[in-house]
Amino acid sequence: LSERLSGVFDRLTKQGALSEDDVKTALREVRVALLEADVSLPVARDFVKAVQEKATGQAVTKSVTPGQQVVKIVHDELKHVLQGDNEEPGELKIDNPPAPILMVGLQGSGKTTTTGKLAKRLTDKNGKRVLMASLDIYRPAAMQQLAVLGQQIGVDTLPIVPGETAVQIAKRAKQQATLGGYDVYMLDTAGRLQIDEVLMKEVEDVRDAVNPRETLLVVDGLTGQVAVEVAEEFDGKIGISGVVLTRMDGDGRGGAALSMRAVTGKPIKFVGLGEKMDALETFEPDRIAGRILGMGDIVALVEKAQETIEAEQAERMMKRFQKGRFNMNDMKMQLEQMQKMGGMEGLMGMMPGMAKMAKNVQDAGFDDKMIVRQIAMIQSMTKMERANPQILQASRKKRIAKGSGMEVSDLNKLLKMQRQMSDMMKKMGKMGKGKMLKSALG
Ligand code: GDP
Ligand code: MG
């Protein structure tokens with residue numbers, strides 16, 4: 001979509017502000033894209049209207065094309081709708097233990113899986129003691145499923161007592177959670193293939209029995225429009241506090257998220273990204289907005305390309321090391337990698353035999369601020385100096401130190417480090433390091 005929009009605008013002459021016509025043309029494309037992304041028609045219509053009002057008359061920033069500017073406005077508005085006002089994604093109201101969390105939704109939407117994922121998250125990340133209970137009295141296998149998950153992730157489940165009603169199980173869970181000193185108890189309800197009265201009544205009764213702190217609707221993110229209807233229905237009857245969108249690892253376009261949010265006004269708290277117990281993430285409006293706009297793929301592609309380039313760079317560097325070469329260009333690359341990887345530890349991880357070295361420089365007061373300065377010094381060197389640091393004599397040193405706002409003594413330290421590293425590379429080169437380096441590259 002972003003490309004399509006830029007296309008539309010690149011054909012227009014650049015004006016000082018976005019005219020109503022400009023915006024209209026672009027928004028026709030936006031509307032189509034939203035519908036393609038599974039956003040429901042009324043939601044798409046409202047959305048486009050909101051953007052139109054915001055965009056018309058807005059001054060076009062010099063550095064971007066009008067198309068890019070509209071993309072940005074659309075992206076921001078998507079984010080705004082998805083995010084709501086001052087909400088923290090992934091936050092649950094679970095103080096005052098034991099806090100009941102009611103999980104509702106259609107059968108197969110991922111309730112049981114999500115109950116397990118969320119219990120694990122609350123345990124591992126938030127340090128909560130969690131008790132899970134299955135209220136699926138219609139399918140004994142479903143109760144068993146939760147018990148197995150509980151064992152797998154190390155979270156307690158309420159012992160199964162055959163013949164109880166859903167409300168009885170819920171009450172027993174509450175009692176056990178209170179007596180057992182749990183912070184949270186999660187109720188995994190039964191689902192039906194479609195919404196039906198009996199199911200709704202049962203969930204209502206459970207709700208009234210425990211008065212849940214959070215009622216999370218689990219919906220299959222791939223079902224698009226249906227998901228929105230389900231959300232409306234559940235919210236109307238039960239009253240939900242938030243939504244978990246599952247199967248967002250699939251190729252759905254994410255439009256359901258926008259519709260759901262716009263229709264129910266309820267926050268999307270988490271997204272499910274797979275079947276594994278750790279495949280749950282907090283909902284990120286930015287990412288979904290990108291996905292709806294179709295820019296997500298581009299972002300992913302750029303990231304992938306970057307990774308590949310870095311891997312190639314590392315490999316080239318390793319080859320040089322094997323030959324015992326390590327000049328200021330290598331040094332700079334190392335320092336930049338370190339910056340990216342968060343300092344010394346990254347460097348230690350990158351090459352064997354480096355840990356001791358790393359410790360030495362650390363003891364010498366080498367911190368992350370120092371990395372920035374070191375890079376600045378290398379940048380003040382000429383190409384020839386970088387490739388052959390041994391040619392640096394007093395006058396060159398003075399020039400470099402001045403150019404980077406450092407002292408000659410700082411530069412000397414850098415040179416010493418480079419010499420040490422170079423020496424070590426040579427030693428490693430003689431040691432028949434092939435295997436070692438390979439293992440370092442992974
Ligand atoms: P329930 O009937 O609502 O309890 O649904 P289940 O939790 O039993 O899930 C139904 C199926 O969907 C199972 O095979 C899950 O592994 C799968 N599932 C659940 N969440 C996700 C998800 O986020 N991504 C994918 N790919 N599969 C999921
Ligand atoms: Mg289930």
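Select P98, which sits in the loop between α4 (66-83) and β1 (99-104). This is a predicted model, and the backbone here is a good place to start looking at it. Display the bond from P97 to P98: this peptide bond is cis, with omega near -5°.

Step back to N96, which is in the loop between α4 and β1 as well. N96 is not a glycine, yet its phi is positive, at about 55°. Most residues other than glycine have a negative phi, and most peptide bonds are trans. Is N96 buried or exposed? N96 is exposed, because 8 other C-beta atoms lie within 10 Å and a residue with 12 or fewer counts as exposed.

Go next to R247, in the loop between β6 (242-246) and α10 (255-264). Its phi is near 60°, again a positive value in a residue other than glycine. Around R247 there are 19 other C-beta atoms within 10 Å, so R247 is partly exposed; 20 or more would be needed for a residue to count as buried.

Now select ligand 1 and the residues around it. The shell has 17 residues, and those that come nearest are G110, K111, T112, T113 and G272. Which helix gives the most to this shell? Helix α5 (residues 111-124) does, with three residues. Colour the shell by class: 11 of its residues are polar, four are charged and two are nonpolar.

Keep α5 in view and add helix α6, residues 140-153. Helix α6 has 14 residues, and the distance from its first C-alpha to its last is 20 Å, close to the 20 Å expected at 1.5 Å a residue. Select M143, L146, L149 and G150, the buried residues of α6. They lie on the same side of α6, because they cover an arc of only 120° around the axis. What covers these buried residues includes α5, β2 (130-134), β3 (156-157) and β4 (184-188). Turn the helix over: on the face away from the buried side are the exposed residues P140, A141, Q151 and Q152. After α6 comes G154, with a positive phi near 70°.

Zoom out to the whole protein. Its secondary structure comes to 20 helices and eight strands. Of the 442 residues, 37% count as buried. Among contacts with a separation of 6 or more, 76% are between residues 24 or more positions apart.

Finally, colour by pLDDT. The mean for the protein is 80, and 76% of its residues reach 70 or more. Select residues 296-305, where the pLDDT is below 50. How many contacts does this stretch have beyond near neighbours in sequence? The model has four there. Then select residues 346-355, over which pLDDT stays under 50 too. For residues 346-355 the model has 17 contacts beyond four places in sequence. For the complex, the predictor gives an ipTM of 0.99 and a pTM of 0.65.

Definitions and conventions
Residues numbered from 1 in each chain as written. Chains lettered and ligands numbered in written order. Predicted model: local features only at pLDDT ≥ 70, side-chain atom pairs only at ≥ 80, totals over all residues. Near = placed C-beta within 6 Å. Helix = DSSP H or I, 4+ residues; strand = E, 2+ residues; numbered from the N terminus. Nonpolar A, V, L, I, M, F, W, Y, C, P; charged D, E, K, R; others polar. Contact = placed C-beta atoms within 7 Å. pLDDT = per-residue confidence, 0-100. Expected span 1.5 Å × (residues − 1). Arc of directions from axis to C-beta.
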